[in-house]
Amino acid sequence: QYPVIYVSLKDIKGATWDEALAAIKDRLSRLFDGYACLVESLLPVRQREFEAIRDKTADINILRLSLKNLIIDLHERHKRPVVVLIDEYDSPVIEAWQHGYYPEMIDFMRAWLGGGLKPENGAALFRGVVTGILRVARESIFSGLNNLDVWTVITPGGFADKFGFTQPEVDQVLTDFSV
């Protein structure tokens, strides 16, 4: 029903910012390869940017706008709002913290996620779901986003019954094992 962008960031790793940036380029190249059918319908400048991402020659500014542009391109092509699923958004952030290039990674992630998930995408973005193990702090990467709902595995209600065990399940396990 909706065009979907799914990307996992778990493999964005590197001992330096340059290594991490190479991993970002690789991941985005593979992501954009999946949408190669869009190229023919894009304006020439967008075609060049799209192909630069695919062949890993895009500069950092093109990469920062890549999520936003892909959302808009899919919306224009399918005339339907886009669903964005980003798994393990925090994996590159944790890696950057451990190896000393945190400011560069946060700068990139803030621009990439913020640009893609901001309200100015209007009708182009239906929903975005971002998962990770780090608590979402509205004052950091997601500071420019509105209408955030943060759900954790320990938050009552919402999705709490979708992760881990419910109390009846725990009770049953304890009964089954005579504990």
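These are my notebook entries on a predicted model, covering its cavity, one helix, its salt bridges and a few backbone angles.

**Entry 1: the cavity**

I began with enclosed space. How many cavities of 30 Å³ or more does the structure hold? I found 1. The largest cavity contains about 60 Å³ of space.

Next I listed the lining. Leu 9, Ile 12, Ile 24, Arg 27, Leu 28, Pro 92, Met 105, Phe 108, Met 109 and Trp 112 line the largest cavity. I then sorted these residues by character. The lining has 9 nonpolar residues, no polar ones and 1 charged. Arg counts as charged, and Arg 27 is in the lining.

Which helices supply at least two residues each to this lining? I noted helix H1 (17-33) and helix H6 (102-117). H6 gives the largest share, 4 residues.

**Entry 2: helix H4**

I turned to H4, residues 66-78. The helix has 13 residues. From first C-alpha to last, H4 reaches 18 Å, close to the 18 Å expected at 1.5 Å a residue.

Which residues of H4 are buried? I wrote down Ser 66, Leu 67, Asn 69, Leu 70, Ile 71, Asp 73 and Leu 74. The list includes an acidic residue, so I checked Asp 73 on its own. Its relative accessibility is 6%, and Asp 73 therefore counts as buried, the cut-off being under 20%.

What does the Asp 73 side chain contact? I found a polar contact of 2.2 Å to the side chain of Arg 46. I came back to Arg 46 in the next entry.

I also looked at what follows the helix. Lys 79, just after H4, takes a positive phi of about 55°.

**Entry 3: salt bridges**

I counted 8 salt bridges in the structure. I followed three of them in detail.

*Arg 46 and Glu 49.* The closest N and O atoms of this salt bridge are 2.9 Å apart. Both residues lie in helix H2, 3 residues apart, about one turn of the helix. I recalled the geometry: an α-helix has 3.6 residues a turn, so residues three or four places apart point the same way. Are the two partners buried or exposed? Arg 46 has 13% relative accessibility and counts as buried. Glu 49, at 22%, counts as partly exposed. Arg 46 thus has two entries in my notes: the salt bridge with Glu 49 and the polar contact with Asp 73.

*Arg 64 and Asp 107.* These side chains meet in a salt bridge at 2.6 Å, N to O. The pair links distant parts of the chain, with Arg 64 in helix H3 and Asp 107 in helix H6, 43 residues apart. Arg 64 is partly exposed at 22% relative accessibility. Asp 107 is partly exposed too, at 37%.

*Asp 26 and Lys 56.* The N to O distance in this salt bridge is 2.9 Å. What does the pair tie together? Asp 26 lies in helix H1 and Lys 56 in the loop between helix H2 (44-54) and helix H3 (60-64), so the pair joins parts 30 residues apart in sequence. Asp 26 is partly exposed, with a relative accessible area of 27%. Lys 56 is partly exposed as well, at 40%. I then looked for further partners. Asp 26, Arg 30 and Lys 56 are linked in a network of salt bridges.

**Entry 4: positive phi values**

I stayed with Lys 56 and checked its backbone. Its phi is near 65°, a positive value in a residue other than glycine. Lys 56 sits in the loop between H2 and H3.

Where is Ser 178 placed? I found it in the segment after helix H7 (167-176). Ser 178 has a positive phi of about 50° although it is not a glycine. Is Ser 178 buried or exposed? Its relative accessible area is 70%, over the 50% cut-off, so Ser 178 is exposed.

**Entry 5: Glu 51**

I closed with one residue of helix H2, Glu 51. Glu 51 is partly exposed, with a relative accessible area of 30%. I also took its separation from Ala 36, 15 residues away along the chain. Their C-alpha atoms are separated by 8.9 Å.

Note on methods
Residues numbered from 1 in each chain as written. Predicted model: local features only at pLDDT ≥ 70, side-chain atom pairs only at ≥ 80, totals over all residues. Heavy atoms only, no water. 1 Å grid on protein atoms, 1.4 Å probe; cavity = no way out; pocket = protein on both sides within 12 Å on 5 of 7 lines; lining within 4 Å. Points joined across faces, edges and corners; volume = space filled by probe spheres on them. Expected span 1.5 Å × (residues − 1). Buried < 20%, exposed > 50% of the residue type's maximum accessible area, 1.4 Å probe, protein only. Salt bridge = Lys/Arg side-chain N within 4 Å of Asp/Glu carboxyl O. Polar contact = N/O pair within 3.5 Å; in protein donor to acceptor, adjacent residues only side chain to side chain.
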